[in-house]
Amino acid sequence: MEPHDKPSLIRLDNGETIVAIIISESEQTLTVTFPLELVRFPIGPNMETTSIRPWATWTDDKEFHIRQNKIISISNLKEEYVDGYLKILWNETNPGLLEEEDEDIERWLEEHGTDEKVILH
């Protein structure tokens, strides 16, 4: 199967949800890169907020192999969140650079999966 060109939401059987770029898939494993975990926090009786954090903080590995039998579902990340995810990757892979370097960020985003203009706040 071809690698996905946009980030995916991957729900695991232990309840974790990660956002990652799928780089390969076989019958036994799904290989992803740049996984970030979505963490939900209740903020009231009927409300919650979501935070994002690195999924595997105790390793410098760039690729992760997840057994297919541990995956509940895979879906596309909502389009409105793709640029935000890619900006997080930019900051992770280019430490020490300032967000004001719009041209460099735009070029990196174009090379890594989005053609849309990104508005930096």
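This report walks through the strands, cores, helix and a few individual residues of the structure above. Keep in mind that the model is predicted.

**Strand β3 and its partners**

A good place to start is strand β3, which covers residues 29–44. Strand β2 (residues 17–25) runs antiparallel to β3, and 7 bridges join the two. The connection between β2 and β3 is a hairpin through 3 residues. If you would like a landmark for this pairing, look for Ile 22, which stands opposite Val 32 of β3.

Strand β4 (residues 47–54) also pairs with β3 in the antiparallel sense, over 8 bridges. Here too there is a hairpin, with 2 residues between β3 and β4. Strand β5 (residues 63–67) is antiparallel to β3 as well, joined to it by 5 bridges. The table gathers the three pairings with one bridge pair for each.

| Strand paired with β3 | Bridges to β3 | One facing pair |
|---|---|---|
| β2 (residues 17–25) | 7 bridges | Ile 22 and Val 32 |
| β4 (residues 47–54) | 8 bridges | Arg 53 and Glu 37 |
| β5 (residues 63–67) | 5 bridges | Ile 66 and Leu 30 |

**Two residues within β3**

Thr 33 lies in β3. Is Thr 33 buried or exposed? Its relative accessibility is 10%, so Thr 33 counts as buried, the cut-off being under 20%. A polar atom of the Thr 33 side chain sits 2.6 Å from the backbone oxygen of Lys 62. Beyond residues up to four places away in sequence, Thr 33 touches Ala 20, Ile 21, Ile 23, Lys 62 and Tyr 85.

Phe 34 is also found in strand β3. Although Phe 34 is not a glycine, it has a positive phi of about 55°. With a relative accessible area of 26%, Phe 34 is partly exposed.

**The nonpolar cores**

In soluble globular proteins, nonpolar side chains tend to be buried together. Which residues make up the largest nonpolar core here? It has 10 residues: Ile 10, Leu 12, Ile 18, Ala 20, Ile 22, Leu 30, Val 32, Phe 64, Ile 66 and Ile 71. Strands β1 (8–12), β2, β3 and β5 each supply at least two residues of this core, and β2 gives the most, with 3 residues. Apart from this core lies another, of 8 residues, among them Val 19, Ile 21, Tyr 85 and Leu 86.

Leu 30, one of the residues of the largest core, is in contact with several residues beyond its neighbours within four places in sequence, including Ile 10, Ile 22, Phe 64, Ile 66 and Ile 71.

**An aromatic pair**

The structure holds 1 aromatic pair. Trp 55 and Phe 64 form this pair in an edge-to-face arrangement, 6.0 Å centre to centre and with 70° between the planes. Trp 55 counts as partly exposed because its relative accessibility is 23%, whereas Phe 64, at 13%, counts as buried.

**Helix α1**

Finally, have a look at helix α1 (residues 79–93). At 1.5 Å a residue, its 15 residues should span 21 Å; the end C-alpha atoms are 22 Å apart, which agrees. The buried residues of α1 are Val 82, Asp 83, Tyr 85, Leu 86, Lys 87, Leu 89 and Trp 90. An α-helix has 3.6 residues a turn, so residues three or four places apart point the same way. Two of the buried residues in α1, Tyr 85 and Leu 86, are among the residues of the 8-residue core.

How values were computed:
Residues are numbered from 1 along each chain as its sequence is written. This is a predicted model: local features need pLDDT of at least 70, side-chain atom pairs count only at pLDDT 80 or more; totals for chains, interfaces and linings use all residues. Side-chain values use heavy atoms; hydrogens and water are left out. Helices (H or I, at least four residues) and strands (E, at least two) are DSSP runs, numbered from the N terminus. Buried means under 20% relative accessible area, exposed over 50%, partly exposed in between (1.4 Å probe, protein chains only). A polar contact is a pair of N or O atoms within 3.5 Å; within protein, one must be able to donate a hydrogen and the other to accept it, and residues adjacent in sequence count only if both atoms are side-chain atoms. Contact means heavy atoms within 4.5 Å. Rings of Phe, Tyr and Trp (its six-membered ring) pair if their centres lie within 6.5 Å; planes under 30 degrees apart count as stacked, over 60 as edge-to-face and the rest as tilted. The expected span of a helix is 1.5 Å times one less than its number of residues. Two strands pair if DSSP finds at least two bridges between them. A nonpolar core is a set of buried Ala, Val, Leu, Ile, Met, Phe, Trp, Tyr and Cys residues joined through side-chain atoms within 4.5 Å.
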